[in-house]
Amino acid sequence: PDEPREIPFASGAAVLLRAAALREVGLLDPVLFLYQEDQDLGLRLRLAGWRARLAPRSLVWHHYGFSRNPEKYFWLERNRYLVLAKNLRLRSLLVLAVPLLLAEAAMLGLALAGGWLPQKLRADAALLSPRLWRHVRAERARVAALRRVGDAALARWFTPRLEFEGLAGGWLPRLLGAPMAAAWRLLRPLLAPR
């Protein structure tokens, strides 16, 4: 776009954050370590009432290439569940349980077909760690204390589209597009309002 506009959250690759916002919600979660830590921070900021804006005239050079390093998938898979568990209310997690289980089945199939099933299974096993869930409980309490926005308002930034780099333009997003959009129209109003 030519003009600044609001976006869901800023990528950690190129972001300028207010010090007051970081003092309020904290920094990147070191438990996430790699991948989706910027999304987690963005969700915490938005739940606390902060907004993210795109500055279209900014120039950033970020050398990036999508890699299929199997180790990457461990962090992606483990962290996507941690981000949801840390930031969404229990009601919202229950509303999203069936779609998340379906997504999990699909990811297992993709992992098998893509040759990264061991990393996927290791990520799922890592989610059983009591130490990790103690951290999630503490983070949930911290997020609840700073929360000014409900999950229903946050969900306006969610999408029912499959926008995963490895699937871009493929048959799976086309096949599942309409059913996912219909399911989202039904589920979105059920998310926790505050």
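1. Let us start with Y35, which counts as partly exposed because its relative accessibility is 27%, a value between the 20% and 50% cut-offs. Please keep in mind as you read that this is a predicted model. Y35 is found in the loop that runs between α1 (19–25) and α2 (37–47). Its backbone deserves a look too: phi of Y35 is near 75°, a positive value in a residue other than glycine. For background, most residues other than glycine have a negative phi.

2. Now move to Q36. This residue also lies in the loop between α1 and α2, and phi of Q36 is near 75°, again positive in a residue other than glycine. Is Q36 buried or exposed? Q36 counts as buried, because its relative accessibility is 17% and the cut-off for buried is under 20%.

3. From the loop we can step across to helix α3, where K72 lies. K72 and Y35 are 37 residues apart in sequence, yet their C-alpha atoms are 8.1 Å apart in space. K72 is buried, with a relative accessible area of 7%.

4. Further along helix α3, which covers residues 70–87, you will find R80. Which residues does R80 touch, once those up to four places away in sequence are not counted? They are Q36, E104, M107 and K120. Q36 takes us back to the loop between α1 and α2. The side chains of R80 and Y81 are joined by a polar contact of 3.4 Å. R80 is an arginine that counts as buried, because its relative accessible area is 18% and the cut-off is under 20%.

5. Next, see how α3 packs with helix α5 (residues 97–114): the angle is about 175°, and the axes are 13 Å apart. Why are the two called roughly antiparallel? The label applies to α3 and α5 because angles over 145 degrees count as roughly antiparallel. On the α3 side, E77, R80, Y81 and L84 take part, and they meet L100, E104 and M107 in α5. Two of these α5 residues, E104 and M107, are also among the residues that R80 touches.

6. A second partner for α3 is helix α7 (residues 130–146); the two axes come within 8 Å and cross at roughly 40°. That angle makes α3 oblique to α7. From α3, the contact uses R78, L82, A85, K86 and N87, while α7 brings L132, W133, V136, E139, R140 and V143. When you turn the model, try to find these residues on the facing sides of the two helices.

7. K86 and N87 appear again when we look at D40, which has its place in helix α2. Leaving aside neighbours within four places in sequence, D40 is in contact with D29, L32, V83, K86 and N87. Is this aspartate buried or exposed? D40 is buried, with a relative accessible area of 0%.

8. Helix α6 (residues 117–126) holds A123, another residue that is buried with a relative accessible area of 0%. Apart from neighbours within four places in sequence, A123 is in contact with F74, E77 and R78. E77 is one of the α3 residues that meet α5, and R78 is one of the α3 residues in the contact with α7. For a sense of distance, A123 and L176 are 53 residues apart in sequence and 25 Å apart in space, C-alpha to C-alpha.

9. F74 has further company. Together with F33 and W75, F74 forms one aromatic cluster. The charged end of R122 sits over the ring of F74, 4.1 Å from the ring centre.

10. Last, the aromatic pairs. How many does a search of the whole structure find? The search finds four. One of the pairs, F158 with W184, is tilted, at 6.1 Å centre to centre with 40° between the planes. This pair links distant parts of the chain: F158 is in the loop between α8 (151–154) and α9 (171–187), W184 is in helix α9, and they are 26 residues apart. F158 counts as partly exposed at 27% relative accessibility, whereas W184 is buried, with a relative accessible area of 14%.

Definitions and conventions: Residues are numbered from 1 along each chain as its sequence is written. This is a predicted model: local features need pLDDT of at least 70, side-chain atom pairs count only at pLDDT 80 or more; totals for chains, interfaces and linings use all residues. Side-chain values use heavy atoms; hydrogens and water are left out. Helices (H or I, at least four residues) and strands (E, at least two) are DSSP runs, numbered from the N terminus. Buried means under 20% relative accessible area, exposed over 50%, partly exposed in between (1.4 Å probe, protein chains only). A polar contact is a pair of N or O atoms within 3.5 Å; within protein, one must be able to donate a hydrogen and the other to accept it, and residues adjacent in sequence count only if both atoms are side-chain atoms. Contact means heavy atoms within 4.5 Å. Rings of Phe, Tyr and Trp (its six-membered ring) pair if their centres lie within 6.5 Å; planes under 30 degrees apart count as stacked, over 60 as edge-to-face and the rest as tilted. A charge sits over a ring if NZ of Lys or CZ of Arg is within 6 Å of the ring centre and within 35 degrees of the ring normal. Axes are lines fitted to C-alpha atoms, for helices over the stretch in contact, and angles run from 0 to 180 degrees between N-to-C directions. Angles under 35 degrees count as roughly parallel, over 145 as roughly antiparallel, 65 to 115 as roughly perpendicular and the rest as oblique.
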